[in-house]
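Trainee: I would like to go through the reasoning behind some of the labels. Can we take them one by one?
Mentor: Yes. Put the structure up and ask.

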Amino acid sequence: MGPQVICSTLFLACIFGDVNKIDTTGASEATARQDKLTVKGVQASYKLAEHDLKRMDQYKSIIIKVGNAKQMDPAVIAAIISRESRAGAALVDGWGDHGNGFGLMQVDKRHHIPRGAWNSEQHVTQGTEILIDSIKAIQRKFPNWPKEHQFKGGISAYNAGVRNVRTYERMDIGTTGNDYSSDVVARAQWYKRNGY
C-alpha cells in the first residue's frame, strides 16, 4: 500500500466520514447462518469478511484503484462486494438475486444498465458511483446528521433505496436481513485492518 492510497484514505475520511467511527451491531443471525456461524453481530461480520478474503484479494487492485479514483474507502467497496456476492462465490455467470443483480456489487438491472464484465473495473466503478449517489441523497435528506450517520445511511440506501432510510436507529429495517448497513460497516472495519 503506497503513500497515494494512505493519503487518499485520509482524504476520504473528510469527504464521507470515517468507517471506523461508525457504530455497528454487525450481522443478524440470519446473515450469520450463511456460513453456519454460531456467533452473530460484529464477530459474525468479521468472520464472513474473513471467509471472503482469499477471493477478494483477486480484485484488490481494482478495488483500490476505483476507491482512489472515486474517493471512496476501498474497505467499504470490499465490504459491499463481500456482502452482495461473497466476492463472486454467490454468482452464477456473474448474476445473482434471481437474475436481477449483476456482478460483484450486484447492480440491479431493474434500476441500472449494468456496465462492463461482472468482475471488471468498469463494474466496480459503476457500483461505487451508485453507492456515492446513495450517500449524497442521504446527505440531502438528512443534512443535520453527522457525516458518519450519513455514510451509514447511504450504505443502507445502496441496498433498499433512499426512501427506506427514515431514522438513524432503524435504517436497516427493510434491508436484506434487516442488518445491511451494520453488517457492511463491520465487514469494512475488518477489511480496513486487513489491507484495504
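Trainee: Are D183 and R187 buried or exposed?
Mentor: Both D183 and R187 are buried. This is a predicted model, so keep that in mind throughout. Buried here means under 20% relative accessible area.

Trainee: What makes D183 and R187 a salt bridge?
Mentor: The closest N and O atoms of D183 and R187 are 2.8 Å apart. The cut-off is within 4 Å. The pair therefore counts as a salt bridge.

Trainee: Where do D183 and R187 sit relative to each other?
Mentor: They are four residues apart in helix α8. Because of that spacing, about one helical turn separates them.

Trainee: Why is the pair R55 and D52 called a salt bridge?
Mentor: The N to O distance between their side chains is 2.5 Å. The rule asks for within 4 Å, so the pair qualifies. R55 and D52 are three residues apart in helix α3 (residues 42-56), so about one helical turn lies between them.

Trainee: How do you know whether D52 is buried or exposed?
Mentor: D52 has a relative accessible area of 0%. Buried means under 20%, so D52 is buried. R55 has 27% relative accessibility. Partly exposed lies between 20% and 50%, so R55 counts as partly exposed.

Trainee: Which residues are linked in a network of salt bridges?
Mentor: D35, D52, R55, R83, R86, D179, D183 and R187 are linked in this way.

Trainee: What about K65 and E121: why do they link distant parts of the chain?
Mentor: Their side chains meet in a salt bridge at 3.2 Å, N to O. K65 is in helix α4 (residues 60-70) and E121 is in helix α6 (residues 121-141), 56 residues apart. K65 counts as partly exposed at 48% relative accessibility. E121, at 33%, also counts as partly exposed.

Trainee: How many salt bridges does the count come to?
Mentor: By this rule, 16.

Trainee: Now the helices. Why are α5 and α8 called oblique to each other?
Mentor: Helix α5 (residues 74-85) and helix α8 (residues 180-193) pack at an angle of about 125°. Roughly perpendicular ends at 115 degrees, and roughly antiparallel starts over 145. The angle falls in neither class, so the helices are oblique. Their axes are 8 Å apart, and the crossing is right-handed.

Trainee: Which residues make that contact?
Mentor: From α5, they include A75, I80 and R83. From α8, they include Y180, D183 and R187. The contact residues divide into nine nonpolar, one polar and five charged.

Definitions and conventions: Residues numbered from 1 in each chain as written. Predicted model: local features only at pLDDT ≥ 70, side-chain atom pairs only at ≥ 80, totals over all residues. Heavy atoms only, no water. Axes fitted to C-alpha atoms, helices over the stretch in contact; angles between N-to-C directions. Helix = DSSP H or I, 4+ residues; strand = E, 2+ residues; numbered from the N terminus. Parallel < 35°, antiparallel > 145°, perpendicular 65-115°, else oblique. Left-handed = near helix turned anticlockwise from the far one by under 90°. Contact = heavy atoms within 4.5 Å. Nonpolar A, V, L, I, M, F, W, Y, C, P; charged D, E, K, R; others polar. Buried < 20%, exposed > 50% of the residue type's maximum accessible area, 1.4 Å probe, protein only.
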